[in-house]
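Subject: Handover of a structure

Dear colleague,

Please find below the structure that I am handing over to you. I should be grateful if you would keep it open while you read the notes that follow.

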Amino acid sequence: MLRTSELPERDVLEADPRSTVATRGLSLSGLISWIARPAQTPRSAKTVRFVRKNTSIVLLVVLLIAGASVSPVFFTVDNLFNILWAVSVLGIVALGQCILIITCKFDMSVAFTVGLSGVATITAQNAGVGLLPSFGIGILTGVAIGLLNGVIVVTTKANPFLVTLGSSWLVYSIALAITNSKTIGSPYESFGTLGRGRLFGIVHYSVVIFLVLAVALEIVLRHTAFGRSLFVIGINQRVAHLSGTRVNRTVILTFVACATAAAMAGLIVSSRNGSTVANVGIGMDFESIIAVVLGGTSLFGGRGGALRTVVGVLVLGVLNNLMVLLNFPIEAQQIAKGSIFLLIVWMDSFLREDKR
Amino acid sequence: MIALARALGRQTAVIVFMGIFLLFTVLQGSMFTSAINLSNISRQVAIDAPHVMGQVIVLISGGIDISVGSVMAMSSALTIGLQEYGAVWAVAAALAFGAAVGAVNGLLVTKGKIVPFIATLGTMGVVRGMVLAYTEQRSIPGTIENFGFWGGGSLGMVPVPLVISLAIMIALWWFLRYTVTGRGFFAVGGDKETAYLAGVSVARFQFTAFVLSGTLAAVSGVLLASRLDSANAQIGVDTPLLSIAAAIIGGASILGGRGGVIGGFLGITSLGMLSTGMNLMGVNTYYQIATRATVLIVVVVVDALIVNSKLSAARLPLERKMDEHLRKEVVIV
Amino acid sequence: MTVPHARSVDVDDKMPPPAPLLDLRGISKFFPGVKALDDVSFDLFPGEIHALIGENGAGKSTLIKIMSGVYRADSGEIQMNGNVIEVANPVVAQALGINYVPQEIGVEPFMTVAENIFLGRYPRNRLGMVSRRMMNRRAAETLRSLGLDLDPNAIAGSLSLAEKQMITIGRAVSTRSKLIIFDEATSSLTSAETDQLFRVIRDLKRQGIAMVYVTHRLDELFNLCDRVTILRDGKLISMNRVAAITLSRVISDMVGRNIEVHSPGAAPHLADKRLEVRHLSVDGALADINFELNGGEILGIAGLMGSGRTELARAIFGDLKISAGEIRIDGKVIHASFPKAAIDAGIALVPEDRKGEGTVLSHSVKANICGAVLKSLTRGGLIRKSLENRLARAYTTQLGIRTPSVDQEVRLLSGGNQQRVVLGKWLATHPRILIVDEPTRGIDVGAKAEIHALLSQLAEQGMAIIAISSELPEIIALSNRVLVMYRGTIQGELTGADITQDRIMRLATATQEEGSHVEN
């Protein structure tokens, strides 16, 4: 079985020194000794952790193998790079959503934030603003939306899902109003470099950004006090508060981070076509949540990570790619994704040991 | 204080209703209050009312149902798509579908121990996929003559769906107020612990609430299919938010234990008047969407504030619930 | 322990003994990290009032929750009238005629008093419809019998705690029960209300209903009950007829040894004025609190539930909004509007609820101990694992935390060890003032003593400690001085030889006459 690098496994919060597989890593002897271990009850801590940690990776591997066996085109470098490129936009959104889900909240406005940031950027460009400053405007849009969401949720303690659903409509209406429901195009040729260009001619910029952000986020989550505090907020906000975390401030920051990530994704998307439309991000709210959940982050808060989310996003990407190659209808994809989501959530709930 | 909150819940709907009605009457005069206009408004409202009432019941029992929009769309599609088997069977299939999705939601929540919000988020996605698949992303036209009567027809000046919805409303009102099962929903939503210890079967009520919600969403779908004499995949995308907002205006609360179908009816009517009124005034579509969004946010925020403020229930049981909310024994809705 | 299986029902000696209504045999129950019940047997006859006594954590709650279907026993069997039954959940319990008045007072906040009393069993008219008129009428009857002057139509959420408690009692007594379990039913009642309740209970006894009565108040035991079963650390210690047992035997069975509780006397190294609280008020909870605390002393704060002790702790810690007054640490005024500020000023609070507020149960010992000081374990913004490990191991050793490793989930530790983890977490912040709220609640006797020793040691080393507790022996054993609170004010301060259970209770209940509670 393939395993990813050690990074996600060696953390304080979930380390189990007794887990032989974790400490021996990739090794045949480790695998054999694991298989030869006496059977344990399904709910024992070790098995739980193993399954939960590796579902997404196992799924990914299965899909990759399926893809390779089904289509000769699949396992080519071109195709794989293509998949990465295709998912990087959703991936960035999912990274932002991941931060929020760890604190046990959701942002349903990401879909239209993606739209509005692109719209704002291109509109600014058309108004004479330079290329780089226009990026700033796009990002600022995200920051503003995140602030709006965060402040409302924190001061009123209202349900974040409903609040962000409402703000998503607001954002959408603004984007529609600005574009007058039309597609708007950028005046700058070079705008497309962000979305289509490659670093050193090999790897797409968008993929690089996605992966760099993922690694950076992972480091923050696992190795900074701020990151740790997010997990505690997700499990028990009261304990976080009593332990000295400035909870309100932190929560607002997470909403800002999520919306900013969505804004970044919006920039990339609009740069790919050199143009954008208000509803370009439609569906990304649900998709990003699915990606995060698929990756193994718990919807109940307190567990998860950025690298896992990458895996989740990849699973979605490979799934999409496979379905396209096999000429599966789009509708089936929706059903499949939704069903997998429910399955993972059910497993997550089933395997939670601290439920009644 | 809590008596005030309870009374406030009942009155809010009336206040909001009257407020909006007066607003547009003043702004638009006879154009707004004309029989045709009122008839139009009430037709649309009547089509939405069943799913709102379903949402009210789920909210009362302490849950939430986000899948109502997708269910409405699928049952619309089934009603039209199965017309070759006769209208009766098509409608029956549509209603059965709604009930089935409700049952799935119920099982996910009671047996799967998944929080209602997430469970219904999942079914929403799955059912939406089914809608896309079934309609093949096109609009399907209806084929039975006179089927449009139920959604589109009128008895005199009164739209038929209004009659149907009012009848459902009265039946549900009576059910919630005067049957043991009906009161059970309030008990489960008000304080789950207390209900559980008093021997009320919490799981049974949660399950039943979702089945009812699914079925009522299907009713809305059938009425809509009849009105449009067709079905398409775009139906119901706004619906979850709409039904929750209408229910909350009607006195329901995210935290459960409160609410009423009459209030819900008034709530959706208020929102309907708002929409139509703005249309009549020629308000820009974008402003309309923004206004609706703001109304929704305000409704949700006010509900949260009421729940949190001292004005609301006395400290102990609700405090326990709120603290549990923060402590994750009762996870977010 | 062999137990004389005495029968206590008042029957004619010539008649054959009635069979027990409920018979629990060999009941054991495990929770992660603790054996809550160990082979406990218990029986109950119709018309008997059977007391269940024990300290916190002795297993009383667990036993009655098994009887009422909230928990399932891991081993043992339950018989009712000779038939083996399984009380799978409260619905089944209700059907069997078992009614439970829970310790946590719960009412439906949005329903009326009448609806609460008849929760789930609303009276119906001939048409099968719920009849509010009948419901209100019968509710009024029940309320009258309980001596309550309440409007059946009043909304339950707005009532006082005592009234809510009476409603939950009303719920149980208004059904056809075979068995009613009262769990600390008088915790929020005045003595007049308690007398009324006893009248109702005696009436139920005459009707042949069996009752289990759990209480901390030993005078109620001797006033009301026929038999008494005493649990300790999950085991059955003794079961006797009340008439045949003495108070000191009850206490010694509860506690396990003869405890002579002595106050440590005045603190030896009275240093500075570490903490000064002047005119502290919190809207609705505290009024004009004034006191001082020196380094090296343990100040005990006693009082009944609801007297404001925890609120005082929270206010000092920045967790509750202060409406008036000031707090000084080492002479400097402190404005803490959230815990972080208080922690920075040198205050630490070990909360009452260690599972819900003190620890993150699913995290490791290491993560919990480092939980409040993570920033100091970083170099260049990143947490250094080596520093974390070092800190965690240091406190684990120093505080004697028994755990296989610092990576063990706190959930799996015993209560005493969990509490030590919380202590470690707060000691790591190097506080000037340590506030502990119910430091040994739910912890077995041995660990209790160890934690007390720890606290005394800390005081000797110069820490200023505030110890809040509902357990009077604990307050007496720990404190150099005691403040007694009542309804948000400080009723009095006790020092030296004046620190007795009697005096504390008198101040805590604001009574003038000689203490009405059991003296040691």
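Which residue takes a positive phi in the hairpin of β9(C) and β10(C)? It is Asp233(C), with a phi near 50°, in a hairpin that has two residues between the strands. Before the details, some conventions are needed. Residues are numbered from 1 along each chain as its sequence is written, while chains are lettered from A and ligands numbered from 1 in the order in which they are written. The model is predicted: local features need pLDDT of at least 70, side-chain atom pairs count only at pLDDT 80 or more, and totals for chains, interfaces and linings use all residues.

Confidence of the model

The model scores ipTM 0.79 and pTM 0.81. Chain C has an average pLDDT (the predictor's confidence in each residue, from 0 to 100) of 85, and 92% of its residues score at least 70. For chain A the mean pLDDT is 81, with 83% of the residues at 70 or more. Please treat the following stretches with their scores in mind. In chain C, pLDDT stays under 50 over residues 1–12 and over residues 513–520. In chain A, it stays under 50 over residues 1–42. Among the elements of chain C, strand β16 (residues 347–350) has the highest mean pLDDT, 96, and helix α8 (residues 247–255) the lowest, 77. Helices (H or I, at least four residues) and strands (E, at least two) are DSSP runs, numbered from the N terminus.

The six-stranded sheet of chain C

The hairpin mentioned above belongs to an open sheet of six strands in the order β6-β7-β8-β3-β9-β10 (chain C), with mixed pairing. Two strands pair if DSSP finds at least two bridges between them. Strands β6 (98–101) and β10 of chain C stand at the edges with a single partner strand each, so one side of each has no neighbour in the sheet. From one strand to the next, the twist averages 15°.

Strand β9 (residues 227–232) of chain C is largely enclosed by the rest of the structure, because six of its six residues are buried. A residue is buried if 20 or more other C-beta atoms lie within 10 Å of its own, exposed if 12 or fewer, and partly exposed in between, with C-beta atoms placed from the backbone. In a regular strand, side chains alternate between the two faces of the sheet. In β9(C), Arg227(C), Thr229(C) and Leu231(C) point one way, and Val228(C), Ile230(C) and Arg232(C) the other.

How do the partners of β9(C) run, parallel or antiparallel? Strand β3 (residues 49–53) of chain C pairs with β9(C) in the parallel sense over four bridges, and Ala51(C) stands opposite Val228(C). Strand β10 (residues 235–241) of chain C pairs with β9(C) in the antiparallel sense over six bridges, and Thr229(C) stands opposite Met239(C). Elsewhere in the sheet, β7 (residues 179–183) and β8 (residues 210–214) of chain C run parallel and are joined by five bridges; Ile180(C) has Met211(C) as its bridge partner in β8(C).

The four-stranded sheet of chain C

A further open sheet has four strands in the order β2-β1-β4-β5 (chain C), with antiparallel pairing. Its edge strands are β2 (34–44) and β5 (83–85) of chain C, each of which pairs on one side only. Five bridges join β1 (residues 22–31) to β4 (residues 75–80) of chain C, and Asp23(C) stands opposite Gln79(C) in β4(C).

Core and contact between chains

The largest nonpolar core (buried Ala, Val, Leu, Ile, Met, Phe, Trp, Tyr and Cys residues joined through C-beta atoms within 7 Å) has 360 residues, and Val93(A) and Ile435(C) have the most contacts inside it. Helix α12 (residues 247–273) of chain A provides the largest share of this core, 16 residues. Two residues are in contact if their C-beta atoms, placed from the backbone, lie within 7 Å. Residues touched by Ile435(C) include Ala313(C), Phe317(C) and Ile466(C).

Where chains C and A meet, the contact takes 28 residues from chain C and 21 residues from chain A. Helix α10(C) gives the most to the side of chain C that touches chain A, with three residues.

Finally, chain B has 15 helices and four strands, and 58% of its 333 residues are buried.

Yours sincerely

Technical notes. Axes are lines fitted to C-alpha atoms, for helices over the stretch in contact, and angles run from 0 to 180 degrees between N-to-C directions. Lists of a residue's contacts leave out its neighbours within four places in sequence.
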